[in-house]
Amino acid sequence: MEIKRTKIVDIFNPALVGNDVCVKGWVRTRRGNKQVQFIALNDGSTIKNVQIVVDPAKIDENLLKDITTGACIGATGKLVESQGAGQSVEIQGENIVLYGTCPNDYPMQKKGQSFEYMRKHAHMRLRTNTFGAVFRIRHNMAMAVHRYFSDHGFFYFHSPIITASDCEGAGEMFQVTTKNLYKLEKDDQGSIKYDDDFFGKMTSLTVSGQLEGELGATALGAIYTFGPTFRAENSNTPRHLAEFWMIEPEVAFLELNGLMDLEEDFIKYCVKWALDNCKDDLEFLNKMIDKGLIERLEGILKDNFVRLEYTEGIKILEEAASNGVKFEFPISWGGDLASEHERYLVETHFKKPVILYNYPREIKAFYMKQNEEPEERRTVQGTDVLFPQIGEIIGGSVREESLEKLNGEIERRNIPTKDMWWYLDTRKYGSCPHAGFGLGFERLILFVTGMQNIRDVIPFPRTPKNAEF
């Protein structure tokens with residue numbers, strides 16, 4: 001009778017010792033001599049390999065030669081307690097099936113390739129220990145997101161990927177069209193005519209699901225979106241992607257302090273989930289990638305986040321600069337903070353996460369609720385959660401619920417409203433206080449894994465001049 005396959009993550013169950021088992025996966029290494037061969041096998045279910053001990057006399061010589069790093073095999077044999085160091089159990093291999101050979105030009109041979117090299121082979125890097133760990137953690141973080149919001153009464157809300165509105169007002173969007181780009185008709189003003197396009201208007205890939213999320217919150221009370229978003233920003237930094245995943249909760253009747261409570265509670269939940277459910281992978285990354293990773297994650301759970309008004313944050317940074325701290329970018333009230341400023345507050349001054357709030361109106365989006373202050377120093381109830389190593393990991397705000405004030409800000413900024421009528425209707429018909437935030441999922445994965453480049457925490461990164469695989 002054929003033995004049912006056991007995943008390697010389950011093979012370390014002491015109850016299986018003494019039984020015949022079948023494992024299938026990819027060879028990490030093969031070593032040994034004429035008397036005995038040792039095959040390290042991994043199937044992606046765990047960071048751990050299982051060792052298969054083989055008597056070469058029992059295996060066809062040509063088959064054994066083809067069991068090289070990267071080859072795909074199945075192996076059956078008795079599971080026994082291991083006599084060697086490094087593993088608790090091993091398999092006494094009786095039969096091996098070769099599913100796929102792996103030539104010597106396999107790009108993920110066991111040697112110290114750089115992450116830059118592995119990005120060029122992103123379709124193969126998934127099989128390495130490091131990226132196996134990263135993407136198992138990514139899965140667990142996605143599960144944590146859904147579990148948190150479901151347990152807290154939020155509804156999962158699917159916002160559109162194709163949109164006619166620009167949430168951020170930046171204009172850096174990817175257009176979606178069925179038009180023939182070689183024969184673009186224009187009107188008398190020189191503008192492209194979209195009458196014959198699929199949607200009859202200019203449409204783009206979304207930069208955020210927030211505006212539609214607000215519609216959901218004003219009907220269902222508390223919703224969250226979790227899906228891909230797109231920014232056509234020509235930025236080649238270790239913190240930017242053209243395609244990434246966003247988590248955006250939106251809650252009716254939520255005010256500023258409640259918003260900051262939600263931001264802190266959510267991110268602590270996700271970090272604790274990782275520590276509780278990704279132990280083996282985190283220990284591997286802590287050893288191989290970032291020796292302070294687990295300590296830093298545990299530190300997030302120990303203390304309350306600092307809540308700091310933007311104006312006070314600027315004073316701290318100005319004082320630091322006057323005392324000799326060198327910043328590349330200038331500091332002044334009214335300006336946005338650079339990553340170096342954010343990390344100074346978090347890593348040097350407070351040594352813990354910081355929620356910065358009440359930003360100047362001019363550097364934030366039109367929909368943020370304004371504080372009652374003099375016009376020249378008007379602030380809005382925006383929040384940024386700043387983390388060590390990362391800088392900003394969450395951006396949120398209380399939304400302006402007054403139709404009059406929202407219209408005034410739209411007019412002041414000369415924002416086109418022809419495609420925004422539906423959004424303004426939420427303020428016209430039964431407006432309510434509400435708030436929400438956006439968390440770039442890859443930023444969270446960067447922090448939880450200790451990886452240094454955002455291109456290494458998404459399977460197939462999309463960046464300027466790069467859309468492979």
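1. In this predicted model, the contact between helix 4 and helix 13 is made on one side by Val134, Ile137, Arg138, Met141, Ala142 and Val145 of helix 4, and on the other by Phe441, Glu442, Leu444, Ile445, Val448 and Thr449 of helix 13. Sorted by class, the residues of this contact comprise nine nonpolar, one polar and two charged.

2. As for the geometry of the pair, helix 4, which spans residues 129-151, packs with helix 13, residues 441-449, at an angle of about 125 degrees, and their axes lie 10 Å apart. Because of that angle, helix 4 is oblique to helix 13. The crossing of helix 4 and helix 13 is right-handed.

3. Met141, already named in the contact of helix 4 with helix 13, is also, together with Leu282 and Ile393, one of the residues that touch the most other members of the largest nonpolar core, which holds 90 residues. A second core, separate and made of 17 residues, includes Tyr310, Ile316, Ile331 and Leu356.

4. Ile393 deserves a closer look: leaving aside residues up to four places away in sequence, Ile393 touches Ile267, Val385, Phe387, Gly438, Leu439, Gly440, Arg443, Leu444 and Phe447. Of these, Leu444 is also listed among the helix 13 residues that meet helix 4.

5. Leu282 leads to helix 7, residues 279-288, where Asp281, Leu282, Phe284, Leu285 and Asn286 are buried. Which helices do the buried residues of helix 7 pack against? They pack against helix 4, helix 6 (256-277), helix 8 (293-302) and helix 13.

Methods:
Residues numbered from 1 in each chain as written. Predicted model: local features only at pLDDT ≥ 70, side-chain atom pairs only at ≥ 80, totals over all residues. Heavy atoms only, no water. Axes fitted to C-alpha atoms, helices over the stretch in contact; angles between N-to-C directions. Helix = DSSP H or I, 4+ residues; strand = E, 2+ residues; numbered from the N terminus. Parallel < 35°, antiparallel > 145°, perpendicular 65-115°, else oblique. Left-handed = near helix turned anticlockwise from the far one by under 90°. Contact = heavy atoms within 4.5 Å. Nonpolar A, V, L, I, M, F, W, Y, C, P; charged D, E, K, R; others polar. Core = buried A, V, L, I, M, F, W, Y, C linked by side-chain atoms within 4.5 Å. Buried < 20%, exposed > 50% of the residue type's maximum accessible area, 1.4 Å probe, protein only.
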